[in-house]
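Colleague: I am new to this structure and would like to go through it with you step by step. Could we begin with the terms we need?

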Amino acid sequence: MVQRIKSFTFRNGSLLLTIGVFFLVYFIGGQLYPAMQKPQVFFNLFINDSSLLLVSIGMTMVILSGGGGIDLSVGGVIALVSTASAALLRSGVSPYIVLPLMILLGVALGGLMGWIIQVLKVQPFIATLMGLFFARGMAYIISLTSVTITNDLYKTFALTPIYIPFFRNTYIYPTTLVGPIMLLVAIYLSFFTRFGRTIYAMGNNEQSALLMGLPVARTKILVYAFSGLCSALAGIVFSMSLLAGYGQFANGMELDSIASVVIGGTSLVGGIGNVTGTLFGVLIHGAIVSILQFNGTLSSWWTRIGVGVLTLIAIGIQSIFTIRAKHS
């Protein structure tokens with residue numbers, strides 16, 4: 001029994017540490033600012049970071065696939081989806097047509113980048129950076145200014161509170177549920193499907209995955225298509241939450257996403273980590289932002305500093321676990 005506990009702790013050390021860091025950060029915030037102890041403040045982490053959670057889920061799957069996998073296009077796709085959907089709605093197109101179109105747009109862009117990476121052998125950094133420039137540039141071609149959304153369906157999703165049982169006057173919004181639902185989908189794909197097993201096999205050793213007869217090429221393209229899906233959903237959530245579309249939206253979110261994934265215990269070399277850790281990485285980011293908001297006197301750049309320090313610590317801890325694994 002003791003051996004099993006030690007084995008579990010060793011295999012999930014980064015995840016357990018991430019969970020511990022989140023509760024520690026939130027506890028310290030609650031002690032410094034008692035208002036943070038209110039349940040609504042905790043649920044605000046999901047409300048405020050719903051788009052970040054979505055893109056981080058897709059980013060986790062990409063990084064897990066290994067081969068230097070990374071998706072720098074996520075912020076640009078959010079900007080493009082929000083601007084394109086706002087422009088279409090302003091032109092009178094039904095939201096029931098706009099929503100699936102935006103999802104298809106995200107999947108197509110992600111799949112195209114995956115194809116370029118796999119077939120043309122372009123480095124993921126270059127291919128997805130190109131995707132970032134293309135998506136954000138297209139957003140500005142559609143409109144140089146913010147486009148307001150007045151559609152009733154979008155307003156309903158943006159403004160209708162869903163009250164949490166057993167918590168008085170505590171609520172979330174319908175858009176907040178998209179992230180947790182996609183998290184469950186990603187957990188299922190990761191651990192209960194051949195697609196997920198192939199991702200982990202690729203991340204550990206792509207050549208071995210090929211020798212085992214796994215569909216590496218198809219999986220790599222699908223991984224980027226899945227990230228595009230998550231980015232499109234994040235763009236829809238972003239546009240619904242702000243009731244607007246703009247090419248400047250989500251500027252730098254790709255970096256916040258990568259940081260959340262790394263803090264969550266996913267190795268940048270692939271094959272190690274899971275989306276559950278990513279959830280807590282996103283929550284740590286949100287908790288730091290909340291503490292700064294309650295303080296009211298510190299610059300928002302302290303969020304970047306805090307996330308940067310935690311990312312460096314997370315990378316160091318991953319290195320320690322990797323070294324121990326090699327010598328065990």
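Modeller: Before any residue is named, one cut-off is needed: a residue counts as buried under 20% relative accessible area, as exposed over 50%, and as partly exposed in between. Please keep in mind that this is a predicted model.

Colleague: With that cut-off, is Glu206 buried, exposed or partly exposed?

Modeller: The relative accessibility of Glu206 is 23%. Since partly exposed is the class between 20% and 50%, the value places Glu206 among residues that count as partly exposed.

Colleague: Which residue forms a salt bridge with Glu206?

Modeller: Side chains of opposite charge can pair when their charged atoms come close. A search of the whole structure finds one salt bridge, and in it the closest N and O atoms are 3.1 Å apart. The partner of Glu206 is Lys220.

Colleague: How many residues apart in sequence are the parts that this pair ties together?

Modeller: Glu206 belongs to helix H11 (residues 206-211), while Lys220 belongs to helix H12, so the salt bridge links two helices. Lys220, with a relative accessible area of 10%, is buried. Along the sequence, the parts joined by the pair are apart by 14 residues.

Colleague: How are helices H9 and H12 oriented to each other, roughly parallel or roughly antiparallel?

Modeller: The axes of H9 (residues 178-192) and H12 (residues 216-242) come within 11 Å and cross at roughly 170 degrees. Angles over 145 degrees count as roughly antiparallel, and therefore the two helices are, relative to each other, roughly antiparallel.

Colleague: Which residues make that contact, and how many of them are nonpolar?

Modeller: From H9 the contact draws on Val178, Met182, Ala186 and Leu189, and from H12 on Phe226, Leu229, Cys230, Leu233 and Val237. By class there are no charged and no polar residues in this contact, and the nonpolar residues number nine.

Colleague: Leu229 appears there; what separation do its C-alpha atom and that of Ala108 have?

Modeller: Ala108 lies in helix H6 (residues 95-119), and with a relative accessible area of 46% Ala108 is partly exposed. Along the chain, Ala108 and Leu229 are 121 residues apart, and their C-alpha atoms are separated by 8.6 Å.

Colleague: Is Thr128 buried or exposed, and which residues does Thr128 touch?

Modeller: Thr128 is found in helix H7 (residues 124-142), and at 0% relative accessibility Thr128 counts as buried. Leaving aside residues up to four places away in sequence, Thr128 touches Ile70, Asp71, Leu72, Ser73, Met113, Ile117 and Tyr224.

Colleague: Turning to the aromatic rings, why is the pair of Phe43 and Phe167 called edge-to-face?

Modeller: A pair of aromatic rings is described by the distance of the centres and the angle of the planes. A search of the whole structure finds 16 aromatic pairs. For Phe43 and Phe167 the centres are 5.7 Å apart and the planes stand at 70 degrees, so the pair is edge-to-face.

Colleague: Where do Phe43 and Phe167 lie, and how many residues apart in sequence are the parts they tie together?

Modeller: Phe43 is in helix H3 (residues 39-48), and Phe167 is in the loop between strand S2 (162-163) and strand S3 (171-172). Phe43, at 16% relative accessibility, counts as buried, whereas Phe167 is partly exposed with a relative accessible area of 38%. In sequence, the parts that the pair ties together are apart by 124 residues.

Colleague: Which residues form one aromatic cluster that includes this pair?

Modeller: Phe43 and Phe167 both belong to the cluster. Its full membership is Phe22, Phe23, Tyr26, Phe42, Phe43, Phe46, Phe167 and Phe280.

How values were computed
Residues are numbered from 1 along each chain as its sequence is written. This is a predicted model: local features need pLDDT of at least 70, side-chain atom pairs count only at pLDDT 80 or more; totals for chains, interfaces and linings use all residues. Side-chain values use heavy atoms; hydrogens and water are left out. Axes are lines fitted to C-alpha atoms, for helices over the stretch in contact, and angles run from 0 to 180 degrees between N-to-C directions. Helices (H or I, at least four residues) and strands (E, at least two) are DSSP runs, numbered from the N terminus. Angles under 35 degrees count as roughly parallel, over 145 as roughly antiparallel, 65 to 115 as roughly perpendicular and the rest as oblique. Contact means heavy atoms within 4.5 Å. Ala, Val, Leu, Ile, Met, Phe, Trp, Tyr, Cys and Pro count as nonpolar, Asp, Glu, Lys and Arg as charged, and the others, Gly among them, as polar. A salt bridge is a side-chain nitrogen of Lys or Arg within 4 Å of a carboxyl oxygen of Asp or Glu. Buried means under 20% relative accessible area, exposed over 50%, partly exposed in between (1.4 Å probe, protein chains only). Rings of Phe, Tyr and Trp (its six-membered ring) pair if their centres lie within 6.5 Å; planes under 30 degrees apart count as stacked, over 60 as edge-to-face and the rest as tilted.
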